[in-house]
Amino acid sequence: MIESEASVKGRVLAELLSHVTNDLQIGKKIKSGELRRRLKEPPWIPPACFNMTSISMEQFSMKLLSRKENPNTDHVILQLHGGGYMGAVRNAYYVFAGLYNEVSRGCDVLTPDYRVAPEQPYPAALEDALASYQWLLDQGYYGEQIILAGDSAGGGLAMALCMYLKDHRLPLPGGIVAMSPWTDLTASGESYTTNYEKDPLFGNTRESLIYMNDYPGDHDKMDYYISPLFGDFRDFPPMLIQVGSLEMLLSDSVSAAAKARQQGVKVRLSVYEGMFHVFQMAYLNIPESKKAWAEVGKFIDVLRNDTRL
């Protein structure tokens, strides 16, 4: 599904992002991920309607966001954050957790601060994602009650985790929500060329974290636990994939959706016209992002009601 023409607010935001990343000195640090890695943030304080519980794991930590009143306990969301496998969790993802809770009508949201490169390359992120998933199983959730959600690297990591679970005959999740998932670290898709000058976030340079990334280390980038596009999607749960039409990573979504469909998976692919990488980060401030979050809520409703996509 391709969304209609971009809104005025959406176009303005895309143009502003392009100006910042291409014309200002700070742009290079944004594209490479350096700015995010150095960013210092105060502790995130949740709105009064939420509880936020910190959970210590052996190699990393997690936070569980839950609603104080009328929680929904039939499903839980495991959110795997983006950042190119080189950026730790940021406060923006706790805001994401609140939005996931809202659109899912009260599901708890678990957000691990998984280990990242260059200090901790592959397979650290996958190991921590697996440990987070296992923690939820240990709390009494069945696999089908767990919804994997992730953006960018987190979206690819959600798919890689599902492949690992399938390979090792562990319970599979009930569904996957992937926003601009990074499924091909070899950058082989045609949109890496056709959108090279259009992408407001990563375009016009080969010095971005798309090309210069320490996560694979010495491993083959085509390993499907690193680039799930090259894996087998058969027996996957239903997936919602959202992506912007301007992204260099557009092919990552389109190709993964096509392959999964060919292998019998229910997939909803939504391409938002004129949008940039993880435009959902605009929260509810532009029509496209607002619509995308509503689509996530509808997808989760479908999963909970076990009806056709």
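# Exercises on a predicted model

The largest nonpolar core of this predicted model holds 63 residues, and Leu78, Ile146, Tyr215, Phe233, Phe236 and Met239 have the most contacts inside it. Helix H6 (residues 153-167) supplies the largest share of this core, 9 residues. Another core lies apart from it, with 24 residues, including Ile77, Val89, Leu99 and Cys107.

**Exercise 1. Determine whether the 15 residues of H6 are mainly buried or exposed, and describe the helix.**

Step 1. The span is examined. H6 reaches 21 Å from its first C-alpha to its last, close to the 21 Å expected at 1.5 Å a residue.

Step 2. Burial is counted. Of the 15 residues of H6, 13 are buried, so the helix is largely enclosed by the rest of the structure.

Step 3. The residue that follows is inspected. Arg169 comes after H6 and has a positive phi, near 55°.

Step 4. The general background is recalled. In soluble globular proteins, nonpolar side chains tend to be buried together.

**Exercise 2. Identify the residues in contact with Met239, leaving aside its neighbours within four places in sequence.**

Step 1. The role of Met239 in the core is noted: this residue belongs to those with the most contacts inside the largest nonpolar core.

Step 2. The partners are listed. Met239 is in contact with Met159, Ile176, Phe233, Ala260, Val265, Lys266, Val267, Arg268 and Phe299.

**Exercise 3. Establish the strand order of the open sheet and locate its edges.**

Step 1. The sheet has 8 strands with mixed pairing, in the order S1-S2-S4-S3-S5-S6-S7-S8.

Step 2. Strand S1 (50-56) and strand S8 (267-272) each pair on one side only, and are the edge strands. Neighbouring strands are turned by 15° against each other on average, with direction ignored.

Step 3. At the S1 edge, S1 pairs with strand S2 (residues 61-67) in the antiparallel sense over 7 bridges. Within this pair, Ile55 stands opposite Met62 in S2.

Step 4. Helices lying across the sheet are added. Helix H5 (residues 124-138) lies across S1, S2, strand S3 (72-80), strand S4 (107-113) and strand S5 (146-151), and runs at about 170° to S3. Helix H8 (residues 250-262) lies across strand S7 (239-244) and S8, at about 160° to S8.

**Exercise 4. Find which residues of H8 are buried and what they pack against.**

Step 1. H8 has 13 residues and spans 19 Å from first to last C-alpha, close to the expected 18 Å.

Step 2. Its buried residues are Leu250, Ser251, Asp252, Ser253, Ala256, Ala257 and Ala260.

Step 3. These buried residues pack against helix H7 (191-194), S7 and S8. Just after H8, Gly264 takes a positive phi of about 90°.

**Exercise 5. Decide whether Asn101 is buried or exposed, and describe its surroundings.**

Step 1. Asn101 is placed in helix H4 (residues 91-103).

Step 2. The cut-off for buried is under 20% relative accessible area. Asn101 has 0% relative accessibility and therefore counts as buried.

Step 3. Apart from neighbours within four places in sequence, Asn101 is in contact with Phe50, Leu65, Arg67, Gly106, Cys107, Asp108 and Val109.

**Exercise 6. Assess whether the radius of gyration agrees with that of a compact globule.**

Step 1. For 309 residues, a compact globule would have a value near 19 Å; the protein has 18 Å, which agrees.

Step 2. The C-alpha atoms fill a box of roughly 50 × 40 × 40 Å along the principal axes, and buried residues make up 57% of the protein.

Step 3. Among contacts with a separation of 6 or more, 77% join residues 24 or more positions apart.

Definitions and conventions. Residues numbered from 1 in each chain as written. Predicted model: local features only at pLDDT ≥ 70, side-chain atom pairs only at ≥ 80, totals over all residues. Heavy atoms only, no water. Core = buried A, V, L, I, M, F, W, Y, C linked by side-chain atoms within 4.5 Å. Buried < 20%, exposed > 50% of the residue type's maximum accessible area, 1.4 Å probe, protein only. Helix = DSSP H or I, 4+ residues; strand = E, 2+ residues; numbered from the N terminus. Contact = heavy atoms within 4.5 Å. Expected span 1.5 Å × (residues − 1). Pairing = 2+ DSSP bridges. Axes fitted to C-alpha atoms, helices over the stretch in contact; angles between N-to-C directions. Rg over C-alpha atoms; globule rule 2.2 N^0.38 Å.
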